[in-house]
Amino acid sequence: MARSSDHNPRRSLPLPAACAAVLLLLFLTSGSAQSEPSPATDAAALVRRAVANHMAAAAAHHPQRFVLHRKDDRRDFIQEIIETRQGDVSFAIAASGAPLNPEMHQAQIDRLDDLDAHPDLQEHRRKHEQEDTARANKLMRMLPDAFLYHYDSTIPCTVSTPPDLPIPGVQSVAQSAEAAPASSQCYHLTFKPNPNWEPPDIEAKILRGMEGEVLIETAQERLTSLNAHLITDVDFGWGIVGHLDKGGTVFLEQTQMAPNDWELSRMKLNFTGKAFLVKTLKVHLTEEMAHYAPVPPNLDYHQAIQMLKAEPPPK
């Protein structure tokens, strides 16, 4: 049997998704609420605090078990994911709107058994995740200088409840209305490229072509949504070389799953371009994440495999 790497698309994102994730991390790690940022200098200071706080926030992250629905031009599937200190482990539970048939389910069991027996596969993927994280952190350190930020206004906003993500074959339980407030006040910030900033390498060039807006809930200074688009063609490098076409868009939304616990809940990406300068690149991706639940912080990937094999998906 060919050994599988237990690929998890949430952790191995295409470049547009990875850059979107950098922007998301920027705004969701803003820290505790401050006084209302009215001048542009205050908006820039907010960004600098966010970057400084990111490492501490990431270190404090509690591992989660959650459900991911991913749909693109080729596939439509639902999988469970458990985060561990040795990397994430995933288990597909539905495809094209239906539960896996017995053969597909057994293939998932066999894949996890193979992964359980070969720790080198999980270690390889963990290293790949670390490389992506290092790239993202490098871009994050550039964000305060790469963009010009503007505080626009404070407006009424709807704070999202978790996505209604039904799992085929599993009876749904209504989401609690107490998971997040129905409405709130949000800071409306816009950002655009800083014309005086020069990217130090090809991976950073994408920051020169992106602008957009964010809504940040005022009580906790947490991102509720982000909309961004490419205002020009941009070259990029993220393990590959190519370019992205003007007009590409990204939408991100996060939800308060528990007090002081905000998680990415929706992502939509639409990009076209070229990979390796000749291969057509098309990214039309929608993801929804829900049913978050904490797992023990010392959980290892072998234990996560057994949990995924033995326990039904959360309701």
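**Notebook: aromatic pairs and confidence**

I began with two rings, and both Tyr149 and Phe191 turn out to be buried. A reminder to myself: this is a predicted model.

Next I checked how confident the predictor was. The protein chain has an average pLDDT of 79, and 75% of the residues score at least 70. I then looked up where the confidence drops. Over residues 1–12 the pLDDT is below 50, yet the model gives this stretch 43 contacts beyond near neighbours in sequence. Residues 174–181 also stay under 50 in pLDDT, and for them I found twelve contacts beyond four places in sequence. I have marked both stretches in my notes.

Back to the rings. How many aromatic pairs does the count come to? I get five aromatic pairs. One of them joins Phe147 and Tyr149, an edge-to-face pair with 6.1 Å centre to centre and 65° between the planes. I looked up the accessibility here too: Phe147 and Tyr149 are both buried.

Why is the pair of Tyr149 and Phe191 called tilted? Their ring centres are 6.5 Å apart and their planes stand at 45°, so the pair is tilted; tilted pairs are the ones that are neither under 30 degrees nor over 60. I also traced where the two rings sit along the chain. Tyr149 belongs to strand β5 (residues 147–157), while Phe191 belongs to strand β6 (residues 184–193). With their positions 42 residues apart, the pair links distant parts of the chain.

Last entry for today: I put the rings together, and Phe147, Tyr149 and Phe191 form one aromatic cluster.

Methods. Residues are numbered from 1 along each chain as its sequence is written. This is a predicted model: local features need pLDDT of at least 70, side-chain atom pairs count only at pLDDT 80 or more; totals for chains, interfaces and linings use all residues. Side-chain values use heavy atoms; hydrogens and water are left out. Rings of Phe, Tyr and Trp (its six-membered ring) pair if their centres lie within 6.5 Å; planes under 30 degrees apart count as stacked, over 60 as edge-to-face and the rest as tilted. Buried means under 20% relative accessible area, exposed over 50%, partly exposed in between (1.4 Å probe, protein chains only). Helices (H or I, at least four residues) and strands (E, at least two) are DSSP runs, numbered from the N terminus. pLDDT is the predictor's confidence in each residue, from 0 to 100. Contact means heavy atoms within 4.5 Å.
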